[in-house]
Structures are given as structure tokens and as C-alpha cells.
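Open the model in a viewer and keep the selection tool at hand. The stops below go from one selection to the next.

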Amino acid sequence: MTSLNRPSRLNRTLLALCGLVLIAAGVFTLLTHFGKLTVLRPESALVAGTGQPPAWTLYVAAAVAIVLGLLVLRWLIAQLTRKPKTHTWRFETDPAAGRTELAAGAAIEPFVAEVSNYPGVHAAHATLAGTRHTPAVALVISAEQDGDVTEIRRRIDTDGLPRLRQALDLDTLPVTVEFRFSAKTGARAL
């Protein structure tokens with residue numbers, strides 16, 4: 001199984017780095033406050049001089065803040081768009097005789113419909129990413145509270161995926177399955 005969420009490794013690295021910087025700043029502040037670290041004397045001024053800083057420093061500070069704000073905004077938007085990139089698959093053995101194209105979204109629809117009808121599944125969404133030579137499926141299942149996740153996964157592995165591989169004429173098809181739980185429960189027999 002492969003991970004299709006490409007920015008996840010970068011996200012974890014950047015969040016860990018930010019966390020370490022914040023922890024170091026907190027430790028530095030506490031050690032300085034309680035006198036264990038004597039980098040600054042308590043009676044010294046925090047900023048040398050009392051005059052206004054040069055005008056260019058204010059512009060640089062504003063530009064840096066704007067750039068950082070835009071980078072953070074781009075990162076937040078990237079978190080909302082988690083779908084991997086899909087392609088149109090081309091099936092051609094002889095280009096002179098013509099070619100057949102298949103949209104990845106159209107190829108995955110029957111699989112999603114099948115998985116959505118499994119017992120315990122409230123909804124399913126899938127993306128067929130990559131090219132015909134490097135395919136991958138990202139499947140998100142919203143399971144009911146009383147749904148049997150093990151049974152759903154077994155049905156996907158034994159029923160759904162083999163049919164999808166056969167329909168796409170693939171020997172292997174890496175898949176990532178993410179389970180989310182719905183607030184709804186299945187129908188109960190009394």
C-alpha cells in the first residue's frame with residue numbers, strides 16, 4: 001500500500017520543526033526569567049536606544065509578514081485539496097488504428113458504487129490516481145457506527161479490488177483505505 005497524500009511527510013516535518021523552535025524559545029524564556037541563563041541582565045534595556053527604527057525596517061517586516069501569511073494560506077488550502085492527481089488513461093496498441101481513452105473518474109465509479117452497497121458502509125469516495133503504468137487508488141469509507149470494519153476491508157480485498165483490477169486489466173493496484181465513522185447506524189432488526 002502506498003500513501004497518496006504527498007504533502008503529509010512535509011507537513012509532519014514542518015510541524016515538528018515549528019514545535020521544536022517553540023519549545024526551544026519557551027525553555028530559553030523560562031531559563032532567562034528565572035536567572036539560570038544570564039544572556040540578558042535584568043536591568044538592561046530590551047532594545048538598545050529609544051528612537052524610531054529606520055523606515056526600511058518597517059517595510060521589510062511588513063513584506064516578511066505578508067510572504068509568511070501567504071505561505072501559510074497556501075499550506076491551509078493544500079490541506080483542503082487532498083485528492084491525488086488523476087489522468088486520462090490511453091489504451092493503444094497501434095496508434096495508426098486509433099486509440100481508446102478512459103477517464104479515471106469514470107473507471108472508478110462502479111467500484112465506488114459497489115463498496116457503497118457493502119453492509120456497514122454509509123458512503124464511499126475513491127480516486128484513481130496516476131497513469132496506467134503507475135496506478136493507485138485512494139479510498140475513503142464513511143462507515144456506520146456499528147459497521148464491521150474488518151468485514152468491509154475483507155470484502156474490498158476479496159470482491160471489489162479483484163473486479164476493478166480485472167476491469168482495468170492490471171496485475172497489481174496499490175490502494176490506500178481510510179475509514180471514517182458516520183454518526184448514523186445501520187438498520188436494526190427487532
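Contact here means heavy atoms within 4.5 Å, and angles between axes run from 0 to 180 degrees between N-to-C directions. The model is a predicted one.

**Stop 1: the sheet and its helices.** Select strands S3, S4 and S5, which form an open sheet in the order S3-S4-S5 with mixed pairing. S3 (121-129) and S5 are the edge strands; each has a single partner strand, so one side of each is left without a neighbour in the sheet. On average, neighbouring strands are turned by 15° against each other, direction ignored.

Zoom in on S3 and S4 (residues 136-143), an antiparallel pair with eight bridges. Within this pair, Leu-128 has Val-137 in S4 as its bridge partner.

Now add helix H4, which lies across S3, S4 and S5 and runs at about 140° to S5. Helix H3 (residues 104-116) lies across S3 and S4, at about 155° to S3.

**Stop 2: salt bridges.** There are five salt bridges in the structure; three are visited here.

Select Glu-114 and Arg-163: their closest N and O atoms are 2.5 Å apart. This salt bridge joins distant parts of the chain, with Glu-114 in helix H3 and Arg-163 in helix H4, 49 residues apart. Glu-114 counts as buried because its relative accessible area is 19%, under the cut-off of 20%. Arg-163, at 44%, is partly exposed.

Stay in helix H4 and select Arg-153 and Asp-157, whose side chains meet in a salt bridge at 3.2 Å, N to O. The two are four residues apart in H4, so about one helical turn separates them. Arg-153 is buried at 18% relative accessibility, whereas Asp-157 is partly exposed at 35%.

Then select Arg-180 and Glu-178, a salt bridge with its closest N and O atoms 2.8 Å apart. Arg-180 is partly exposed at 40% relative accessibility, and so is Glu-178, with 27%.

**Stop 3: a loop residue with positive phi.** Which loop holds Asp-169? Look between helix H4 (149-168) and strand S5 (175-181). Phi of Asp-169 is near 60°, a positive value in a residue other than glycine. Most residues other than glycine have a negative phi. Asp-169 counts as exposed, with 60% relative accessibility.

**Stop 4: a nonpolar surface patch.** Finish by selecting Ile-23, Val-27, Phe-28, Leu-31, Leu-37, Val-39, Leu-40, Leu-46 and Val-47, which form a nonpolar surface patch with about 850 Å² of accessible area together. One of these residues, Val-39, sits in the loop between helix H1 (7-33) and helix H2 (55-80). Val-39 is exposed, at 53% relative accessibility.

Note on methods: Residues are numbered from 1 along each chain as its sequence is written. This is a predicted model: local features need pLDDT of at least 70, side-chain atom pairs count only at pLDDT 80 or more; totals for chains, interfaces and linings use all residues. Side-chain values use heavy atoms; hydrogens and water are left out. Buried means under 20% relative accessible area, exposed over 50%, partly exposed in between (1.4 Å probe, protein chains only). Patches are made of residues with over 30% relative accessible area and no salt bridge: like charges are joined within 9 Å, nonpolar side chains (Val, Leu, Ile, Met, Phe, Trp, Tyr) within 5 Å. Accessible areas come from the Shrake-Rupley method with a 1.4 Å probe; for residues, only the protein chains shown count as cover. A salt bridge is a side-chain nitrogen of Lys or Arg within 4 Å of a carboxyl oxygen of Asp or Glu. Two strands pair if DSSP finds at least two bridges between them.
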